[in-house]
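Here are my notes on the model you sent over. I've kept them short and numbered so you can check each one in your viewer.

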Amino acid sequence: MNKEELLFYDAYEAFYAMAKNSKAFQNFCKDAFGEDFSQDGFSNVEQIDMIFQYIPKKDDVHILDIGCGNGKMLGYLQQKTGAYIHGFDYSEEAIKTAQLLFSKNAEFREGVIGKIDYPEESFDVIISMDTMYFAKDMTEFVSQVKKWLKDTGVFFVGYQEGEVMLKTESKDTTILAKALVANGMKYEAIDITEQTYELLKNKRMSAMVHQNEFEEEGYMDWFNMLMGQTECATQTYEEFKAKMARYIYVIHK
Ligand SMILES: C[S@@+](CC[C@H](N)C(=O)[O-])C[C@H]1O[C@@H](n2cnc3c(N)ncnc32)[C@H](O)[C@@H]1O
C-alpha cells in the first residue's frame, strides 16, 4: 500500500516532526490541554483522566491506543498505572518518536486502520481519541476492535462531529454509534460539546500566548493552523453547537 495516498498522511508526517522539535508547540499543548500529549485534537487532561477508572488495578494490564501519534498519551497512562502500553499509527515519524520515548513494557507499531491486526482478547482497555474517523469502513473496523478487546474490557473513544465527520442529530446517530449497534456493543455516551467550546477558546488563547515563540522557531504555518482550527470558537456557543458536537463513548463488548 502506498501510504502517501492515505488521507492527510503527509500532513501528519510534517505535524509529528514539528511536535518533536518545537518547544513553542510543547508549551502550547501544556497550556491548552493541561498536559503535552502532542494533541492534534481536542483531548485535554480531564478527558484522559476519565480513563483511569476503567484500568483494572492488577498486574499485567494491557492498553492499546488507536492513532497513538508519538505515544505521549499512553506514556502518561503508563506512568500513573504501570500498564503495558501498545499503540499504532500510520505516521512513521510519530512511531519512531514513540519508540525512542517509551521502551519499557511498550510496543509501538506503524500501521494503518483496517490493515493492522492484533490477537483476539489482547487488551483490557482500548482508547482512540479523534482517530476513528479514518476508518474506511467503520462497522468492519469496530468488529475488529471488538475482537481485540477482552470480554471485560472497555473501549474509550473521543469523537467529534462538524469537521471530518458531518454533524448528525445526536450521540445515537453518529456513524460510530451505528457501527457499535451493528456489532452488538453496549455504550454510554457523554456529550462534552460545551466543554469543547471552552477548550477551543482556551486553545486559541494559548496559541496566541506562544505566537512569538512559534515565530522565532519558524513555525508560523503551524500557528496559523491553530488559528484556523479554533476559528469556530469565536462564534457564540449557540452558533457553535449548531455545527459541532463532541462525545466521549465508553463501550463494552
Ligand atoms: C486527529 S489525530 C489524533 C491523535 C491523538 N490520538 C490525539 O488525540 O491527539 C489522528 C491520528 O490518527 C493517525 N491516523 C490518521 N489516519 C490514519 C490511518 N488511516 N491509520 C492509522 N493512523 C491514522 C494520525 O497520524 C494521527 O496521529
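**Notes on the fold and the ligand shell**

1. Let's start with what packs over helix α6: the cover on its buried residues includes β1, β4, β5 (149–161) and α7 (175–182). Keep in mind that this is a predicted model.

2. Helix α6 itself spans residues 138–148, and its buried residues are Met 138, Phe 141, Val 142, Val 145 and Trp 148. These sit on the same side of α6, because the arc they cover around the axis is only 115°. The general background is simple: an α-helix has 3.6 residues a turn, so residues three or four places apart point the same way.

3. Now for β4 (residues 123–129). Seven of its seven residues are buried, so to speak a mostly covered strand. Strand β4 runs parallel to β5, with six bridges joining the two, and in that pairing Ser 128 stands opposite Val 157 of β5. Put α6 together with β4 and β5 and you have a right-handed β-α-β unit.

4. On to β1, residues 62–66, which is mostly covered as well, with four of its five residues buried. Three bridges join β1 to β4, and the two run parallel. If you want to check the register, Leu 64 stands opposite Ile 126, and Asp 65 has Ile 127 as its bridge partner in β4.

5. Strand β1 also pairs with β2 (residues 84–89): five bridges, again parallel. His 62 has Tyr 84 of β2 as its bridge partner. Between β1 and β2 the chain passes through helix α4 (residues 72–81), and this β-α-β crossover is right-handed.

6. Is Thr 152 buried or exposed? This residue lies in strand β5. Thr 152 counts as exposed because it has 10 C-beta neighbours inside 10 Å, and the cut-off for exposed is 12 or fewer. For a distance check, take Thr 152 and Val 125: they are 27 residues apart in sequence, and their C-alpha atoms are 9.1 Å apart in space.

7. Last, the ligand. Which residues come nearest to it? Of the 19 around the ligand, those are Gly 41, Gly 67, Tyr 90, Met 129 and Phe 134. By type, the shell divides into nine nonpolar, seven polar and three charged residues. When you go through the shell, Met 129 is one to look at alongside point 3, as β4 covers residues 123–129.

Definitions and conventions. Residues numbered from 1 in each chain as written. Predicted model: local features only at pLDDT ≥ 70, side-chain atom pairs only at ≥ 80, totals over all residues. Near = placed C-beta within 6 Å. Nonpolar A, V, L, I, M, F, W, Y, C, P; charged D, E, K, R; others polar. Buried ≥ 20, exposed ≤ 12 C-beta atoms within 10 Å, placed from the backbone. Pairing = 2+ DSSP bridges. Right-handed = clockwise from strand over helix to strand, strands pointing away. Arc of directions from axis to C-beta. Contact = placed C-beta atoms within 7 Å.
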